[in-house]
Amino acid sequence: MAEFENFDVLFASDRSFAYGEQTITQILKSRRAAHNELLIDKLLKTLGVARPQDLYPPRSNQSLRNLHSQIIESASPDHHKQSLLYYIVKDTQDHHTTSSDFARAAFLPQKYRVFIDGIWLLDRGDFENALGYLTEPVLIPTFPEEIIYLLCTHPNQQDDKLPLAYYYTVSPAVTSPRVIEAFFAKLAMNSVTEALSWCRQYDEPSHRKLFEQLIHLVLSGPEGENRARRSVELIHLPFSQEEEAWFESYLTDGEGKDLYGAKDAYKVRTVATGKCNAIAGRADAYGDKSDHLMDWSSLGSSYEQGSMTSAR
């Protein structure tokens with residue numbers, strides 16, 4: 001029997017050891033903030049533990065023994081079991097064997113140690129330091145979508161660039177609708193141009209949904225110079241023929257027609273792309289023909305005639 005399989009050897013300095021109340025409270029608080037599932041919970045499930053939330057954090061010495069037993073008795077390879085025990089030792093290293101001593105004694109492969117170091121930090125909300133481990137080239141990305149979603153939605157994660165840094169370093173496939181939506185919001189906040197390019201990788205229904213989400217995010221942003229800058233960037237991007245039609249439909253007949261600046265965005269885009277004859281045809285789309293003292297019907301006509309002098 002390997003030493004790590006014997007609880008009394010692993011916790012030889014205090015065989016009656018149990019997690020302290022402060023540690024338990026902090027872990028439960030972290031789980032609630034992480035949408036009620038820590039990454040350690042997912043790792044335990046991969047070992048066949050059906051209800052990891054009932055076992056972790058262990059509330060007593062007997063609970064800790066039960067957790068250890070379920071890990072050891074799983075059919076998983078030894079280095080998977082060692083990795084989970086390494087995580088637990090990190091929880092308890094102030095009282096027992098240090099995690100580095102355990103890793104050396106168990107001959108835990110470096111890539112598993114790096115991964116668990118990152119997961120342990122992520123579960124505790126130390127996002128920036130966690131990514132220092134989780135983006136190591138030695139690692140095969142594990143739970144990448146879960147990590148992206150956590151970085152995008154965790155209430156204590158306020159750095160909008162962290163999910164982008166993880167995504168661009170690891171380059172995972174993103175297929176979960178909720179992860180796509182959450183990541184796209186962060187991407188659009190960082191760069192309207194990048195967001196447009198990114199959404200084009202998906203099939204037409206998803207592409208259109210994301211494209212319309214981009215318009216919504218830009219026009220519904222906080223009022224001020226940044227919204228104006230982002231709106232101008234969006235309006236002057238090179239759209240495909242499909243995107244052009246979606247843009248017009250969303251802002252004139254669709255869910256975006258009541259967004260702040262929707263009318264102006266459509267009209268300015270029409271002028272910028274030299275399609276002012278469309279303005280007269282859409283003049284009644286919003287219930288009037290003018291906005292900010294601009295006669296859009298006249299503008300369309302005068303543009304077609306090669307003269308802007310009559311537009312007011």
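At what angle do helix H9 and helix H11 pack, and how far apart are their axes? In this predicted model, helix H9, which covers residues 127-134, packs against helix H11, which covers residues 161-170, at an angle of about 0 degrees, and the two axes are 11 Å apart. Angles under 35 degrees count as roughly parallel, and H9 and H11 are therefore described as roughly parallel to each other. On the side of H9 the contact involves Phe127, Glu128, Leu131 and Leu134, and these residues meet Leu162, Tyr166 and Val170 of H11.

These two helices belong to a protein chain that contains 19 helices and two strands. The protein chain has 312 residues, of which 46% count as buried. When contacts between residues at least 6 apart in sequence are considered, 60% of them join residues that are at least 24 apart.

A second pair of helices is formed by H16, residues 241-252, and H17, residues 262-272, which pack at an angle of about 150 degrees with their axes 9 Å apart. Because angles over 145 degrees count as roughly antiparallel, H16 is roughly antiparallel to H17. Helix H16 contributes Glu244, Phe247, Glu248, Leu251 and Thr252 to the contact, while H17 contributes Ala262, Ala265, Tyr266 and Arg269. The crossing of this pair, H16 and H17, is left-handed.

A third pair consists of helix H5, residues 61-72, and helix H6, whose axes come within 9 Å of each other and cross at roughly 160 degrees. With this angle, H5 is roughly antiparallel to H6, and H5 passes H6 in a right-handed crossing. The residues of H5 that take part are Leu64, Leu67, His68, Ile71 and Ile72, and they meet Lys81, Leu84, Leu85 and Ile88 of H6.

One residue of this last contact, Lys81, can be followed further. Lys81 is located in helix H6, which spans residues 78-92. Although Lys81 is buried, it has no salt bridge, and the nearest side chain of opposite charge, that of Asp78, is 4.0 Å away. Apart from residues up to four places away in sequence, Lys81 touches Phe4, Leu47, Ile71, Ile72, Ser74 and Ser76. Two of these residues, Ile71 and Ile72, are also among the residues through which H5 meets H6.

Another of the residues touched by Lys81 is Leu47, which lies in the loop between helix H3, residues 39-46, and helix H4, residues 52-55. Leu47 has a relative accessibility of 9% and therefore counts as buried, since the cut-off for this class is a value under 20%. Along the chain Leu47 and Lys81 are 34 residues apart, yet their C-alpha atoms are separated by 7.9 Å. If neighbours within four places in sequence are left aside, the contacts of Leu47 are with Ile71, Ser74, Ser76, His80, Lys81 and Leu84. Ile71, Ser74 and Ser76 are thus in contact with Leu47 and are also touched by Lys81.

While Lys81 has no salt bridge, the count of salt bridges comes to 13. One of them joins the side chains of Glu37 and Lys45, with an N to O distance of 2.9 Å. Glu37 has a relative accessibility of 27% and so counts as partly exposed, and Lys45, at 40%, counts as partly exposed too.

Another salt bridge lies within a helix: the side chains of Arg104 and Asp101 meet at an N to O distance of 2.4 Å. Both residues, Arg104 and Asp101, lie in helix H7, residues 99-106, and they are three residues apart, which corresponds to about one turn of the helix. Arg104 counts as exposed, with a relative accessibility of 51%, whereas Asp101 is partly exposed, with a relative accessible area of 35%.

A further salt bridge is formed between Glu233 and Arg229, whose closest N and O atoms are 3.8 Å apart, a value that satisfies the requirement of a separation within 4 Å. Because Glu233 and Arg229 are four residues apart in helix H15, residues 225-235, about one helical turn separates them. Glu233, at 22% relative accessibility, counts as partly exposed, and Arg229, with a relative accessible area of 47%, is likewise partly exposed.

Key:
Residues are numbered from 1 along each chain as its sequence is written. This is a predicted model: local features need pLDDT of at least 70, side-chain atom pairs count only at pLDDT 80 or more; totals for chains, interfaces and linings use all residues. Side-chain values use heavy atoms; hydrogens and water are left out. Buried means under 20% relative accessible area, exposed over 50%, partly exposed in between (1.4 Å probe, protein chains only). Lys and Arg count as positive and Asp and Glu as negative; His and the chain ends are not counted. Contact means heavy atoms within 4.5 Å. Axes are lines fitted to C-alpha atoms, for helices over the stretch in contact, and angles run from 0 to 180 degrees between N-to-C directions. Angles under 35 degrees count as roughly parallel, over 145 as roughly antiparallel, 65 to 115 as roughly perpendicular and the rest as oblique. A crossing is left-handed if the near helix is turned anticlockwise from the far one by less than a right angle, and right-handed if clockwise.
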